[in-house]
Amino acid sequence: MSRRTRFSRAAVTVAVVALAAAGCGKSSTDSGTSDDAESGSYSGKGIGLAYDIGGKGDQSFNDAAFAGFQKAEKEFKIGGQDIEPQDGESDADKVQRLTQLAQAGYNPVIGVGFVYAPAVKEVAAKFPKITFGIIDDEQVQAKNVADLVFHEEQASYLAGVAAAKASKKAHIGFIGGVDIPLIHKFEAGYVQGAKSVNPNIKIESQYLTETAQEGGFSSPDKGKDAASGQIEAGADVIYHAAGLSGQGVITEAAAKKVWAIGVDSDQYSQSALAAYKDYILGSALKNVGGAVYDLVKSVHAGKPLSGVVRGSLSNDGVGFADTNPKYKAMTDVVAAVDKAKKDIIDGKITVNTK
């Protein structure tokens, strides 16, 4: 039976760590049974995590997942293995990766990103006693699969409000990594939020590639070029939803002394972006780390989540980071963002997804 739940409100600190977590802990040839679930015991080797395009070190989406992985490893004293993607890989490669983790006894096995949907569907059917998680996709319906999804448009609405209030030119930009429905949600919320502040605001919008295979989520040079063009056109605040490519957006914004808005993780706090943080206004947060942690916690407790688990502003699954002191000093911007957040939670604002 499918259960829906809120994400944990416990903070998941996103830390950039250079070393991959090595698999450890006790081995297992069977990753849990229905009897285990009833008794609340855990049978498994630990967490299996397979990264999305861009891999660990993107300071964004994948690193957020890794933070949840680390937190769960430490708290539950279990092992884990995380695996990087390969350039130009196929669905068959992803099937092989998830199968490898399942056969090794990891439970849960989590695919980071919608690109894992076909692989999760295939492999979960072969290992019914293992819980699988997939982030950013809700098409895989199975008793042993948790679809970890988010109201990205809500966080993006707040980013749009912040951008419009902070802009001195009434001219802002959006850069999406890949032209797909998921990233359209980011753009839709951002545009709606900005226009709630200024209906006449000018908004540049660009997608880096048509497909993920072309590098839209993994090419900082593409992000840099796109940001350069938008800044030249007059934008003085740019929001990216482009994964690793967003690093190029942020570095170019800093070089041209305009604001950037990060995504998924609190990019102001990322050590690899420290040289540019003064120009990171804030970040539209997506608590990927919390979703990973909560799924592991449920499996460890013998009561694995399944079905759609959606993060929103109301359950801290999404949000807007206010870490930058320069942002906090903009009291009118902060007040507008806080009011928009309350209005969304209270149902006074319904955020567009298209």
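Contact here means heavy atoms within 4.5 Å. With that in hand, welcome to a short tour of close-up views of this predicted model.

**View 1. Helix α2 packs against helix α9.**
In this predicted model, helix α2 covers residues 61–76 and helix α9 covers residues 288–300. Their axes lie 7 Å apart and make an angle of about 35°. The crossing of α2 past α9 is right-handed. From α2, the residues that take part are F61, A64, A65, G68, F69, K71, A72, E75 and F76, and they meet V288, G289, V292, Y293, V296, K297 and H300 of α9. Sorted by class, this contact of α2 with α9 brings together 10 nonpolar, three polar and three charged residues.

**View 2. An open sheet of six strands with parallel pairing.**
Reading across this sheet, the order is β2-β1-β3-β4-β5-β11. Look for β2 (79–83) and β11 (307–311) at the edges: each has a single partner strand, so one side of each has no neighbour in the sheet. From one strand to the next, the twist averages 20°. Helix α3 packs on the sheet and touches β1, β2, β3 and β4 (132–135). The direction of α3 makes about 170° with that of β2.

**View 3. Strand β1 beside strand β2.**
Strand β1 takes in residues 46–50, and its pairing with β2 is parallel, over five bridges. One residue to find here is L49, whose bridge partner in β2 is D82.

**View 4. Strand β4, covered on both faces.**
In a regular strand, side chains alternate between the two faces of the sheet. What covers the picture on each side of β4? F132 and I134 are on one side, G133 and I135 are on the other, and all of them are buried. Next door, β3 pairs with β4 in the parallel sense over three bridges. Within this pairing, G111 stands opposite I134 in β4.

**View 5. Glycine G105 in a loop.**
The loop that holds G105 runs between α3 (91–103) and β3 (109–111). Is G105 buried or exposed? Its relative accessibility is 1%, and so G105 counts as buried, the cut-off being under 20%. Along the chain, G105 and I47 are 58 residues apart, while their C-alpha atoms are separated by 9.0 Å.

**View 6. Serine S156 in helix α5.**
Helix α5 spans residues 152–166, and S156 has its place there. With a relative accessible area of 0%, S156 is buried. Which residues does S156 contact, leaving aside its neighbours within four places in sequence? They are F186, G189, Y190, Y239 and A284. For F186, there is a further detail to find: its backbone oxygen lies 3.4 Å from a polar atom of the S156 side chain.

**View 7. An open sheet of six strands with mixed pairing.**
Here the strands follow the order β7-β6-β8-β9-β10-β12. The edges belong to β7 (202–209) and β12 (318–321); each has a single partner strand, so one side of each is left without a neighbour in the sheet. On average, neighbouring strands of this sheet are turned by 15° against each other, direction ignored. Inside the sheet, strand β9 (residues 259–264) and strand β10 (residues 280–286) pair in the parallel sense over five bridges. To find your way along this pair, look for I261, which stands opposite G282 in β10.

How values were computed
Residues are numbered from 1 along each chain as its sequence is written. This is a predicted model: local features need pLDDT of at least 70, side-chain atom pairs count only at pLDDT 80 or more; totals for chains, interfaces and linings use all residues. Side-chain values use heavy atoms; hydrogens and water are left out. Axes are lines fitted to C-alpha atoms, for helices over the stretch in contact, and angles run from 0 to 180 degrees between N-to-C directions. Helices (H or I, at least four residues) and strands (E, at least two) are DSSP runs, numbered from the N terminus. A crossing is left-handed if the near helix is turned anticlockwise from the far one by less than a right angle, and right-handed if clockwise. Ala, Val, Leu, Ile, Met, Phe, Trp, Tyr, Cys and Pro count as nonpolar, Asp, Glu, Lys and Arg as charged, and the others, Gly among them, as polar. Buried means under 20% relative accessible area, exposed over 50%, partly exposed in between (1.4 Å probe, protein chains only). A polar contact is a pair of N or O atoms within 3.5 Å; within protein, one must be able to donate a hydrogen and the other to accept it, and residues adjacent in sequence count only if both atoms are side-chain atoms. Two strands pair if DSSP finds at least two bridges between them.
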